[in-house]
Amino acid sequence: MEKFTVLNGLVAPLDRANVDTDAIIPKQFLKSIKRSGFGPNLFDAWRYKDAGEPGMDNARRPLNPDFVLNQPRYKGASILLARKNFGCGSSREHAPWALADYGFRALIAPSFADIFYNNCFKNGVLPIVLTEMSVDHLFNQVNAFPGYKLTIDLERQIVITSDGATPIAFDVDAHRKYCLLNGFDDIGLSLRQADKIRAFEARRRIEQPWLFG
Amino acid sequence: MPQTLYDKLWANHVVHVEDDGTALLYIDRHLLHEVTSPQAFEGLRLAGRKPWRIDSIVATADHNTPTTDWNEGIKDPISRLQVETLDANIREYGAKAYFPFLDRRQGIVHVVGPEQGATLPGMTVVCGDSHTSTHGAFACLSHGIGTSEVEHVLATQCLVQKKMQNMLVTVEGPLAPGVTAKDVALAIIGKIGTAGGTGCAVEFAGGSIRALSMEGRMTVCNMAIEAGARSGMVAVDDVTIAYLKGRPFAPTGENWNRAVAYWRTLASDAGAQFDRVVRLDASDIRPQVTWGTSPEMVVAVDGRVPDPDKEKDPTRREGIERALIYMDLKPNMRIEDIRLDKVFIGSCTNSRIEDLRAAAAMVRGKHVASSIRLALVVPGSGLVKAQAEREGLDRVFTESGFQWREPGCSMCLAMNADRLEPGERCASTSNRNFEGRQGAGGRTHLVSPEMAAAAAIAGHFVDVRNWK
């Protein structure tokens with residue numbers, strides 16, 4: 001997994017609540033057996049004017065000019081600013097795969113759906129929860145200033161604006177932070193506890209034998 | 001100290017805890033399907049790892065499988081490759097049980113697990129599918145997980161998880177005739193919102209929940225994720241135990257007696273503390289219909305489409321306006337005046353035998369309205385289909401003008417050929433009314449099987465409390 005330390009990036013605003021994983025990556029693209037290549041179909045139904053199917057040449061499809069990510073000022077954005085309950089719906093990890101493949105490394109919203117939030121950390125994408133007020137403020141800033149950038153420092157757990165204002169602090173679990181800062185996948189970390197897992201399992205086989213075999 | 005059901009299930013599975021509270025939680029049952037597992041097996045292979053305990057794995061193909069012409073196989077080559085990849089992975093690594101495409105026990109993973117007795121009280125159950133919350137109906141701790149977590153569970157038999165908050169949702173009183181588990185679930189979501197249970201494990205309790213069959217409890221727990229809760233659960237009682245007795249993978253003999261004795265302890269203790277409590281009165285719950293593009297956008301069938309001008313919060317108002325445009329509905333129109341193009345009875349929410357019996361009872365001797373282009377019944381599994389056919393339900397449906405299909409996820413998410421065309425409007429017993437969920441540009445109204453069946457006959461929504 002790619003490390004996440006400090007990110008200085010262009011911010012794109014997606015101003016709607018309850019953005020679901022079907023919107024982030026529609027189901028027809030879930031038939032792939034790969035982890036990569038989902039970026040061109042991120043927000044497919046909103047982004048293009050035609051109906052997207054796997055195998056199409058996305059570069060030749062008609063873009064919806066009204067969709068925010070199609071506006072030239074947000075080209076190359078690596079931070080997505082969103083509204084509450086972002087990523088609700090299905091557990092498809094194709095959603096963070098698509099966001100990461102598109103180029104987003106951090107997401108900022110007042111809240112995220114649980115499974116999606118969890119899936120982001122497994123893919124080097126940092127979801128940051130800020131207050132509604134902070135998020136409102138950032139939306140105003142992004143809309144007012146073309147080229148608006150933020151710096152996100154994971155080690156210090158702060159979002160830094162370029163106007164010299166006090167950095168905005170955010171929470172993140174110590175375990176998730178550790179994995180992200182170092183680019184660790186947690187299977188290796190969990191297997192350090194293999195003896196404990198085996199001991200737990202041995203006890204369970206005696207106490208609840210019907211769960212085995 | 002008195003414990004909640006969730007506290008007990010959690011404590012019974014913790015293998016290791018980090019300083020920040022992050023725990024390794026032992027997983028008893030790992031359900032697999034074709035969409036979220038190929039990348040996990042690939043990851044395992046690339047890292048040179050093997051599954052930790054294959055006898056925890058129960059697998060089936062459901063999302064991509066066609067519901068017609070099974071003798072012709074899977075025509076879509078991309079779907080076929082995904083299903084064949086699952087076949088190959090199970091062949092290579094093994095499983096306790098695999099119900100592949102064409103097996104008579106194949107079906108939706110959340111229908112197959114419980115009907116096989118592969119879901120047992122006190123288990124931790126995971127699956128790379130958010131509707132894994134369904135299994136909590138058996139007092140399981142169930143988690144919908146992503147593909148990285150599927151790989152993690154395959155490799156370590158554990159899930160990395162922090163303890164969630166305890167939330168209690170009680171529903172008291174008898175449900176009126178025509179009001180079902182689905183209406184209870186939608187009413188709860190309407191009350192607390194699609195993020196109302198975020199960060200929580202939700203226990204459903206109270207007299208109305210106790211009075212539900214296991215099928216009904218599964219419907220309620222299935223929709224917990226639509227309220228934001230990764231896990232929903234119901235305590236064990238006689239209904240749970242009677243359902244499990246004699247199932248293929250349920251314990252037998254002395255193990256059955258030991259298991260039942262343990263299962264009887266799987267309820268919240270008197271005086272257990274919950275972080276959040278929500279109470280509903282069954283007498284307030286009427287048949288529900290969603291009007292928008294989120295399950296929280298729901299009203300009773302005798303209600304009206306909301307008026308955004310009456311909403312003060314700007315983000316919510318924009319949400320309503322956007323949903324009304326997508327759904328092509330006018331503010332204040334009567335729900336019963338909404339006319340449908342298609343009807344879908346199926347999905348992991350409502351495709352079990354009880355759902356099919358209830359829907360069949362509505363349509364017996366009647367005919368689907370001429371304005372309905374397609375009315376589909378998709379049983380949740382091959383065994384549900386066979387049971388329904390023994391009871392003659394297939395003939396009731398086909399004589400009424402419904403199509404009777406092979407089992408699978410079908411038009412709940414339209415990964416196979418069953419889908420809405422742009423602009424089509426559907427009464428659906430599934431769980432999500434998101435934009436494009438049932439097909440690009442399709443418009444979904446979530447309802448109970450009874451409501452969907454009646455709507456198919458009438459061509460528009462009708463209040464099933466007045467159905468004759």
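Where is A:Glu155 found? That is the starting point for these close-ups, all of them taken from a predicted model.

**Figure 1. A:Glu155 and its surroundings.** A:Glu155 turns up in the loop that runs between β5 (149-153) and β6 (158-161) of chain A. Setting aside residues up to four places away in sequence, A:Glu155 touches A:Thr5, A:Lys177 and A:Leu181. A:Tyr178 is worth picking out too: 23 residues separate A:Glu155 from A:Tyr178 in sequence, and their C-alpha atoms are 9.0 Å apart in space.

**Figure 2. Chain A as a backdrop.** Here's the setting for the chain A views. Chain A has eight helices and seven strands, and its C-alpha trace spans about 65 × 45 × 25 Å along the principal axes. How many of its 213 residues count as buried? The share is 59%. Take the contacts in chain A between residues at least 6 apart in sequence, and 65% of them join residues at least 24 apart.

**Figure 3. Aromatic rings of chain A.** Over all chains, the structure holds 19 aromatic pairs. One of them joins A:Tyr102 and A:Phe104, which are stacked, with 5.2 Å from centre to centre and 20° between the planes. The two partners sit in different accessibility classes: A:Tyr102 counts as partly exposed because its relative accessibility is 23%, while A:Phe104, at 0%, counts as buried. Elsewhere in the chain, A:Phe86, A:Phe112, A:Phe116, A:Tyr117 and A:Phe121 form one aromatic cluster.

**Figure 4. The largest pocket.** Which residues lie nearest the centre of the largest pocket? They are A:Tyr117, A:Asn118, A:Phe121, A:Lys122 and A:Arg176, out of a lining of 47 residues. Chain A gives two or more lining residues from each of α3 (94-102), α4 (114-121), α6 (174-182) and α7 (186-191), and chain B does so from α2 (38-46), α5 (147-156) and β8 (158-161). The pocket's volume is about 1,300 Å³. Sorted by residue type, the lining divides into 17 nonpolar, 13 polar and 17 charged. Two of the residues nearest the centre, A:Tyr117 and A:Phe121, also belong to the aromatic cluster of the previous figure.

**Figure 5. Helix α2 of chain B.** This helix is one of the elements that line the largest pocket, and here is a look at its packing. Buried residues in α2(B) are B:Pro38, B:Gln39, B:Ala40, B:Phe41, B:Gly43 and B:Leu44. What do they pack against? In chain A the partner is α3, and in chain B the partners are β3 (29-32), α3 (77-93) and α5. After the helix comes B:Gly48, with a positive phi near 70°.

**Figure 6. The largest cavity.** There are four cavities of 30 Å³ or more, and this view shows the largest, with a volume of about 230 Å³. Its lining takes in 25 residues, and B:His63, B:Asp129, B:His131, B:Leu413 and B:Arg437 lie nearest the centre. By type, the lining splits into nine nonpolar, 11 polar and five charged.

**Figure 7. Charges over rings.** Each chain supplies an example here. In chain A, the charged end of A:Arg16 sits over the ring of A:Trp46, 3.8 Å from the ring centre. In chain B, B:Lys96 places its charged end over the ring of B:Phe249, 4.9 Å from the centre.

**Figure 8. Two positive phi values in chain B.** Neither residue in this view is a glycine. B:Asp69 has a phi near 45° and lies in the loop between β4 (57-60) and α3 of chain B. B:Ser410 has a phi of about 55°, and its place is the loop between β17 (403-404) and β18 (425-428). Buried or exposed, or something in between? B:Asp69 counts as partly exposed because its relative accessibility is 38%. B:Ser410 comes out at 0%, so it counts as buried.

**Figure 9. B:Lys191 on helix α6.** The last close-up is of B:Lys191, which lies in helix α6 (residues 181-192) of chain B. Leaving out neighbours within four places in sequence, B:Lys191 is in contact with B:Val278, B:Arg279 and B:Leu280. B:Ser448 is 257 residues away from B:Lys191 in sequence, with 18 Å between the two C-alpha atoms.

Definitions and conventions:
Residues numbered from 1 in each chain as written. Chains lettered and ligands numbered in written order. Predicted model: local features only at pLDDT ≥ 70, side-chain atom pairs only at ≥ 80, totals over all residues. Heavy atoms only, no water. 1 Å grid on protein atoms, 1.4 Å probe; cavity = no way out; pocket = protein on both sides within 12 Å on 5 of 7 lines; lining within 4 Å. Points joined across faces, edges and corners; volume = space filled by probe spheres on them. Helix = DSSP H or I, 4+ residues; strand = E, 2+ residues; numbered from the N terminus. Nonpolar A, V, L, I, M, F, W, Y, C, P; charged D, E, K, R; others polar. Buried < 20%, exposed > 50% of the residue type's maximum accessible area, 1.4 Å probe, protein only. Contact = heavy atoms within 4.5 Å. Phe/Tyr/Trp six-rings, centres within 6.5 Å; stacked < 30°, edge-to-face > 60°. Lys NZ or Arg CZ within 6 Å of the ring centre and 35° of its normal.
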